[in-house]
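Work through the exercises below with the sequence and the 3D view open. Try each task before reading its solution.

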Amino acid sequence: MIKDPANDPITTPGDSPTHRRRKQRGGRGIVTFFILFALGAFAMYLFVVIYGSVASTP
């Protein structure tokens, strides 16, 4: 977590506190979405690999 607002890459020093919070929350939301998307894609990949190996054995 970034403690110094001047070093925060999402916000600018001129942002109001409410606007700064909204931008930070949005940035975290986007990162969370991409992480969940990647985990879902990986889970689907594992399912296809496991299902394919089980279904191909006689």
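**Exercise 1. Exposure of two rings**

Task: Decide whether F33 is buried or exposed, and do the same for F37.

Solution: The model is a predicted one. Step one is to take the value for F33, a relative accessible area of 51%. Step two is to compare it with the cut-off: a residue is exposed when this value is over 50%. F33 is therefore exposed. Step three treats F37 in like manner; its relative accessibility is 55%, so F37 counts as exposed.

**Exercise 2. An aromatic pair**

Task: Classify the aromatic pair of F33 and F37 as stacked or edge-to-face.

Solution: A pair of aromatic rings is described by the distance of the centres and the angle of the planes. The structure holds 4 aromatic pairs. In the one formed by F33 and F37, the centres are 6.3 Å apart and the planes make an angle of 25°. Centres must lie within 6.5 Å for a pair, and planes under 30 degrees apart count as stacked. The pair of F33 and F37 is therefore stacked. Both residues sit in helix α1, which covers residues 17-56, and they are 4 residues apart, about one turn of the helix. Together with F34, they form one aromatic cluster.

**Exercise 3. The chain as a whole**

Task: State how many helices and strands the protein chain has, and what share of its residues is buried.

Solution: The secondary structure consists of 1 helix and 0 strands. The chain has 58 residues, of which 7% count as buried. Its exposed area is about 5,100 Å², and carbon and sulfur atoms supply 72% of that area.

**Exercise 4. Two surface patches**

Task: Name the residues that make the nonpolar surface patch and those that gather in the patch of positive charge.

Solution: Begin with the nonpolar patch, which has about 590 Å² and is made by F42, Y45, L46, V49, I50 and V54. I50 lies in helix α1 and, at 52% relative accessibility, counts as exposed. Next, the positive patch on the surface consists of R21, R22, R25 and R28. R21 is also placed in helix α1. With a relative accessible area of 48%, R21 is partly exposed.

Methods
Residues numbered from 1 in each chain as written. Predicted model: local features only at pLDDT ≥ 70, side-chain atom pairs only at ≥ 80, totals over all residues. Heavy atoms only, no water. Phe/Tyr/Trp six-rings, centres within 6.5 Å; stacked < 30°, edge-to-face > 60°. Helix = DSSP H or I, 4+ residues; strand = E, 2+ residues; numbered from the N terminus. Buried < 20%, exposed > 50% of the residue type's maximum accessible area, 1.4 Å probe, protein only. Areas by Shrake-Rupley, 256 points an atom, 1.4 Å probe, with all protein chains shown as cover. Patch = residues over 30% accessible without salt bridge, like charges linked within 9 Å, V, L, I, M, F, W, Y side chains within 5 Å. Salt bridge = Lys/Arg side-chain N within 4 Å of Asp/Glu carboxyl O. Lys, Arg positive; Asp, Glu negative; His and termini not counted. Charge placed at Lys NZ, Arg CZ, Asp CG, Glu CD.
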